[in-house]
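The following note is offered for the file on this entry. Its points are numbered so that each may be taken up separately.

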Amino acid sequence: MKMSKNSFFFLALLLAFSVFIAACANEPDATPTPAEGEDAAEGTTEGGEGGDLVIANLSDAVALDPHGSNDTPSSNVAQNIYEALVEQDENMELQPGLAESWEMVDDLTWEFYLREDVKFHDGSDFNADVVKANLDRILDPEVASPRQFIFNMITDVEVVDEHTVRITTEFPFAPLPAHLAHNGGGMISGDLIAEDYEAMEAGAEPGSKISENPVGTGYFKFDSWTPGTEIKLVRNEDYWGENAKLDSVTFKVVPEDLTRIAELETGAAHISDPLSPSDVSRVEGTDGIHVNRQPSVSLSYIGFNVEKEPFDNPLVRQAISKAINKDAIIEGIYDGAGIPAIGPLAPDVFGYDETVSGLEYNVEEAQALLAEAGYEDGFSTTLWTNDNRERIDAATFVQAELEKIGIDVSIEVVEWGAYLENTANGEHDMFVLGWSTVTGDADYGMYALFHSDNHGEPGNRTFLSNPELDELLDQARQKPDPDERAALYKDAQEILVEEAPMLYIHHQQFLLGVSDNVQGLWQHPTGILMLQDVTLQ
């Protein structure tokens with residue numbers, strides 16, 4: 001197995017412990033009812049206010065500019081600093097955020113009515129001018145936001161009055177409020193946006209000033225960031241709503257799974273994120289800690305770079321998809337924590353169609369397809385993964401499975417930041433990754449991953465280009481009628497069966513290791529930790 005230098009120590013430690021591993025992949029005004037499958041006793045006992053919550057995370061944030069990153073570690077921190085116009089509750093239903101209400105004025109026009117009592121952490125006012133500055137920034141080509149695709153249907157943002165914003169879209173776009181609930185729409189201080197533009201004019205990278213000292217309206221505010229070590233947030237005492245109960249939150253970078261578990265056991269950390277399924281029994285058997293489970297709208301997958309041989313041939317991609325026993329991955333590596341994926345959309349996402357059949361496991365058919373593609377004797381390739389236990393195990397399993405049909409796979413383990421950058425640049429052959437449909441709508445789950453406008457960082461890391469698929473995805477996001485949209489997404493999913501740009505593994509169940517001292521915690525179906533009501537006993 002070939003490894004990057006950044007991952008040598010991690011894998012050596014992993015092998016030294018010699019433990020078989022598995023698990024999860026890759027975004028209310030009171031503690032909600034526990035999700036299905038969660039212990040009803042969890043999160044119901046009131047703890048005392050104050051204290052520092054320590055979260056042991058697999059990876060560091062990439063950036064603290066909500067417009068300038070597109071990864072879960074960054075979003076988990078940003079969620080607490082910034083707020084969006086709209087929020088999603090634990091059922092993925094839309095709720096007021098910084099906008100108290102909104103309405104669709106006509107097919108192309110929306111108006112959002114803003115809260116009047118909100119200030120940023122720097123003391124500046126939240127108002128319609130700031131909303132316009134934020135949305136204009138996301139859409140600015142000079143900023144090159146990786147989240148621009150979420151809002152690229154917006155053609156104009158108009159300040160009606162101090163607390164009313166009118167948004168015009170290029171075409172009717174029913175999911176607009178859901179897109180504005182994405183934390184990529186987190187509102188940054190207008191003063192900080194101006195400062196960041198000044199820095200850009202002096203030659204700095206977009207977002208450099210924002211990540212250096214992020215300023216939002218959230219119930220926590222930024223304190224410090226030691227890259228590769230930890231990020232600390234402190235309570236915003238001037239929050240417009242109900243204050244957070246904790247004094248502070250520390251997002252601590254602990255790449256090794258077993259070390260995160262040890263810190264949880266010793267009390268050095270209160271939460272281990274993520275928790276590998278292979279460690280569930282260890283946590284469940286230890287007094288003082290427990291497992292938090294959350295069904296998700298996420299997808300774990302293995303993607304192919306369709307611009308590189310031999311993956312430019314759909315028959316090769318289909319062959320590999322048929323050669324891999326997904327059930328064995330889910331049960332053997334993820335310990336059953338999730339459901340099999342037949343396509344990119346989880347069942348709870350609008351646009352999911354249960355009648356679309358995927359590519360079923362069949363080694364003989366895989367060999368026949370490989371021969372038809374001209375690779376009867378197989379070929380050699382590389383499979384990338386980041387330094388994540390379950391993904392490394394999945395990659396190792398795939399390596400063994402593909403060897404059976406003559407494909408020689410070399411695995412490369414790459415540090416998270418470099419992994420995102422290099423796959424965005426198309427330097428890979430095959431890769432293991434995940435995606436959460438955070439809006440609950442197929443537009444986000446398919447347009448980002450498969451439209452040719454979104455190659456690279458926005459989400460399409462397979463670099464798929466299919467004009468017919470592009471047209472269907474364009475139409476589906478423009479139709480106001482839900483039934484018409486659903487029919488278009490069904491057709492798009494049928495094309496993806498033939499194109500096979502990725503092997504869809506499963507829609508995982510998120511797992512956390514949590515101290516019993518932590519009360520009021522819940523995890524969003526997008527994977528984001530919700531910390532406003534958390535207390536420590």
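1. P177 is placed in helix 5, which spans residues 176-180. In this predicted model, P177 has a relative accessible area of 5% and therefore counts as buried. Leaving out residues up to four places away in sequence, P177 touches V86, L94, W102 and W110. With respect to K490, P177 stands 313 residues away in sequence, and the C-alpha to C-alpha separation is 23 Å.

2. M92 deserves a check of its backbone. The residue is found in the loop that runs between strand 2 (86-88) and strand 3 (94-96). Its phi is near 65 degrees, a positive value in a residue other than glycine. Most residues other than glycine have a negative phi, and most peptide bonds are trans. M92 has a relative accessibility of 19%; the limit for a buried residue is under 20%, so M92 counts as buried.

3. D335 raises the matter of phi again. Here phi is near 55 degrees, a positive value in a residue that is not glycine. D335 is located in the loop between helix 11 (326-332) and strand 14 (338-340).

4. Two cis peptide bonds should be noted. One joins D273 and P274, with omega at about 0 degrees. P274 lies in the loop between strand 11 (271-273) and helix 9 (280-284). Another cis bond runs from E309 to P310, and its omega is near -5 degrees. P310 belongs to the loop between strand 13 (298-304) and helix 10.

5. Salt bridges come next. The model has a count of 24 salt bridges. One of them pairs E365 with K322, where the closest N and O atoms are 2.8 Å apart. This pair links distant parts of the chain: E365 is in helix 12 (residues 363-372) and K322 is in helix 10 (residues 314-323), with the two positions 43 residues apart in sequence. E365 is partly exposed, at a relative accessible area of 38%, whereas K322 is buried, at 12%. Elsewhere, D257, R260, D279 and R389 are joined into one network by salt bridges that share partners.

6. Two further salt bridges may be set side by side. R235 forms a salt bridge with E237, and the closest N and O atoms are 3.1 Å apart. E284 forms a salt bridge with R293, and there the closest N and O atoms are 3.1 Å apart. How accessible is R235, buried or exposed? R235 is buried, with a relative accessible area of 15%. R293, by contrast, is partly exposed, with a relative accessible area of 24%.

7. On the surface, a patch of negative charge is formed by E100, E116, D117, D129, D161 and E162. Within this group, E116 lies in the loop between strand 5 (109-114) and helix 3 (128-139). The relative accessible area of E116 is 63%, and the threshold for an exposed residue is over 50%, so E116 counts as exposed.

8. S69 is found in the loop that connects strand 1 (52-57) and helix 2 (72-81). Its relative accessible area of 4% makes S69 a buried residue. Apart from neighbours within four places in sequence, S69 is in contact with A63, S74, P146 and R147.

9. G207 is placed in the loop between helix 6 (190-201) and helix 7 (208-212). G207 is buried, with a relative accessible area of 5%. Which residues does G207 contact, once its neighbours within four places in sequence are left aside? They are D65, R137 and D196. G207 and P66 are separated by 141 residues in sequence, while their C-alpha atoms are 9.0 Å apart in space.

10. For a second reading, the backbone points may be taken together. The positive phi values belong to M92 and D335, and the cis bonds precede P274 and P310. Each of these residues is in a loop: M92 between strand 2 and strand 3, D335 between helix 11 and strand 14, P274 between strand 11 and helix 9, and P310 between strand 13 and helix 10.

Definitions and conventions:
Residues numbered from 1 in each chain as written. Predicted model: local features only at pLDDT ≥ 70, side-chain atom pairs only at ≥ 80, totals over all residues. Heavy atoms only, no water. Salt bridge = Lys/Arg side-chain N within 4 Å of Asp/Glu carboxyl O. Buried < 20%, exposed > 50% of the residue type's maximum accessible area, 1.4 Å probe, protein only. Helix = DSSP H or I, 4+ residues; strand = E, 2+ residues; numbered from the N terminus. Contact = heavy atoms within 4.5 Å. Patch = residues over 30% accessible without salt bridge, like charges linked within 9 Å, V, L, I, M, F, W, Y side chains within 5 Å. Areas by Shrake-Rupley, 256 points an atom, 1.4 Å probe, with all protein chains shown as cover. Lys, Arg positive; Asp, Glu negative; His and termini not counted. Charge placed at Lys NZ, Arg CZ, Asp CG, Glu CD.
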